[in-house]
Amino acid sequence: MKAVTARRYGPADILRIENLPRPEPGPGEILIRIRAASVTTADWRLRAAAFPGGLAIIGRLVAGLWKPRHLVPGSDVAGEVAALGAGVTGFEMGQRVVAVLGHGGHAEYGLAKAEDAVALIPEGMNFDEAAALPFGGLTAQEFLRDVAQLRAGQTVLILGASGGVGAYAVQIAAACGAHVTAVAGPGRAAVLRGLGAERVLDYRRDAITGRFDLVFDTVGAMRWPESRRLLDKDGLFLPLNFGLRELGHMLRAKLSGGPRMALHVSGDSRAALDALLELWRAGKLRPVIDSRFPLEQIAAAHRLVETRHRAGAVVLEVDPATEGQSQTTGLT
Ligand SMILES: NC(=O)c1ccc[n+]([C@@H]2O[C@H](COP(=O)([O-])OP(=O)(O)OC[C@H]3O[C@@H](n4cnc5c(N)ncnc54)[C@H](OP(=O)(O)O)[C@@H]3O)[C@@H](O)[C@H]2O)c1
């Protein structure tokens with residue numbers, strides 16, 4: 001099978017397309033014939049060893065000390081069940097599935113653990129749309145619903161609102177009944193309003209004003225002292241990107257009382273993926289796709305993600321199938 005490989009850490013050009021043996025599903029595993037995958041900020045960080053703020057050593061201990069631990073990158077995929085390992089129940093050959101693999105997703109075939117984040121793709125959702133959902137959608141859902149416990153009527157400021165996570169955060173916050181102020185670059189206002197933002201600010205032009213119950217910074221644009229001034233007494237600052245400095249800020253926030261700060265690392269589960277798909281079925285969440293690249297242009301896809309100026313998900317079309325109508329939102 002054709003697969004993207006990363007044999008060392010480095011710039012996007014180190015990525016290659018190689019012919020590798022098709023993986024065999026072990027007990028409890030599902031082999032997926034991958035049709036589409038997404039290229040995420042996590043894929044870029046793992047390829048370049050670009051770990052944020054002072055976390056380089058911890059990052060390399062997890063991801064591989066001298067080179068990426070996994071030869072084939074890519075985590076979020078959509079495709080068809082191609083084989084079932086021993087003991088797998090609840091799935092059938094040929095079913096359309098969306099899955100978070102962890103690694104090995106930028107290839108024609110990949111392995112998912114049947115107990116983990118794998119779900120049937122609902123009718124009416126195509127492979128590109130399904131692949132575009134998990135990274136941004138699961139992250140936004142976990143941070144807003146589980147960590148912040150966002151409630152109807154609360155006010156939330158979302159920085160990086162048009163990004164890979166932000167475009168889903170706006171929708172999920174609005175679905176919770178919160179009042180959303182979205183901060184993004186120029187030209188994003190109309191679509192962000194369409195996703196549920198009540199107010200849109202351009203970070204290159206507008207000052208951020210107002211009081212908020214939650215500041216969710218998906219891009220690393222705000223520090224604790226600034227967010228503290230924007231938060232209500234019981235408010236919460238939730239930065240997605242954090243390093244040693246933010247750990248220090250969080251300790252200071254705990255000691256000084258008043259608004260809180262929380263640091264969290266998201267996970268993936270079947271239940272969370274199902275909840276996300278339920279939001280889609282209820283018409284409260286739309287996949288947002290910035291652009292699509294064929295497998296062979298994986299380096300270009302990585303370069304785009306690395307700019308930190310994209311709108312929604314970047315989709316790798318591994319083996320596009322002919323499918324029905326797209327309901328995708330594009331932000332540009
Ligand atoms: N803690 C965790 O568990 C966890 C989980 C997932 C992701 N993450 C991290 O979270 C980060 C977010 O990922 P992502 O994929 O959403 O990033 P992204 O797509 O690269 O975000 C870029 C977006 O941010 C906007 N932006 C750039 N500068 C801004 C500024 N100063 N103020 C407001 N918006 C600005 C850009 O808008 P324009 O294009 O208009 O400039 C663009 O839409 C990544 O660093 C990732 O590693 C952490």
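Leu159 makes a good place to start: it has 25 C-beta neighbours inside 10 Å and so counts as buried. Please keep in mind as we go that this is a predicted model. Leu159 sits in strand β8, which covers residues 155–159. Leaving aside residues up to four places away in sequence, Leu159 touches Val183, Asp217, Thr218, Val219, Ala221 and Met222. A further link across the chain runs from Leu159 to Ala184: they are 25 residues apart in sequence, yet their C-alpha atoms are 6.7 Å apart in space.

From here we can step back to the overall layout. The protein chain is divided into domain 1 (2–133 + 287–317) and domain 2 (136–261). The C-alpha centres of domain 1 and domain 2 lie 27 Å apart. Where the domains meet, 14 residues of domain 1 are in contact with 14 residues of domain 2. On the side of domain 1 that touches domain 2, the residues divide into 6 nonpolar, 6 polar and 2 charged.

The ligand brings both domains into the story, since the shell around it draws at least three residues from each of domain 1 and domain 2. How many residues surround the ligand? There are 28 of them, and the closest are Gly160, Gly163, Gly164, Gly185 and His309. The elements that give two or more residues to this shell are α1 (41–48) and β9 (179–184). Helix α1 provides the largest share, 3 residues. Sorted by class, the shell has 11 nonpolar, 13 polar and 4 charged residues.

Since α1 has come up, let us look at how it is packed. Its buried residues are Thr41, Asp43, Trp44, Leu46 and Arg47. The cover over these buried residues of α1 includes β3, α2 and α10. Right after the helix comes Ala49, with a positive phi of about 50° although it is not a glycine. Ala49 has its place in the loop between α1 and α2 (56–63). Is Ala49 buried, partly exposed or exposed? It has 18 other C-beta atoms within 10 Å, so it is partly exposed; the count needed for a buried residue is 20 or more.

A similar backbone feature turns up at Arg308, which has a positive phi of about 65° and is not a glycine either. Arg308 lies in the loop between α10 (298–306) and β15 (313–317). Because Arg308 has 13 C-beta neighbours inside 10 Å, it counts as partly exposed.

Strand β3, one of the elements covering α1, also leads us into a sheet. Strand β3 (residues 29–39) and β6 pair in the antiparallel sense over 5 bridges. One of the residues involved is Glu29, whose bridge partner in β6 is Lys113. What about the surroundings of β6 itself? In this strand (residues 109–113), 4 of the 5 residues are buried, so β6 is largely enclosed by the rest of the structure. As background for reading such a pairing, side chains in a regular strand alternate between the two faces of the sheet.

Two more helices are worth a visit. Helix α4 (residues 134–147) is mostly covered, with 11 of its 14 residues buried. Among the buried residues of α4 are Phe135, Leu138, Phe143 and Leu144, along with Gln141 and Glu142. Just after α4, Gln149 takes a positive phi of about 50°.

Helix α8 (residues 244–256) offers a simple check on geometry. At 1.5 Å a residue, its 13 residues should span 18 Å, and its end C-alpha atoms are 19 Å apart, which agrees. Just after α8 comes Gly257, where phi is positive at about 75°.

We finish at Glu92, in the loop between β4 (76–84) and β5 (96–100). Is Glu92 buried or exposed? With 10 other C-beta atoms within 10 Å, Glu92 is exposed, because the exposed class takes in counts of 12 or fewer. The C-alpha atoms of Glu92 and Leu201 are separated by 47 Å, and the two residues are 109 residues apart along the chain. Our tour thus runs from Leu159, which counts as buried, to Glu92, which is exposed.

Definitions and conventions: Residues are numbered from 1 along each chain as its sequence is written. This is a predicted model: local features need pLDDT of at least 70, side-chain atom pairs count only at pLDDT 80 or more; totals for chains, interfaces and linings use all residues. A residue is near a molecule or strand if its C-beta atom, placed from the backbone, lies within 6 Å of it. Ala, Val, Leu, Ile, Met, Phe, Trp, Tyr, Cys and Pro count as nonpolar, Asp, Glu, Lys and Arg as charged, and the others, Gly among them, as polar. Domain bounds come from an automatic or database domain assignment. Two strands pair if DSSP finds at least two bridges between them. The expected span of a helix is 1.5 Å times one less than its number of residues. Two residues are in contact if their C-beta atoms, placed from the backbone, lie within 7 Å.
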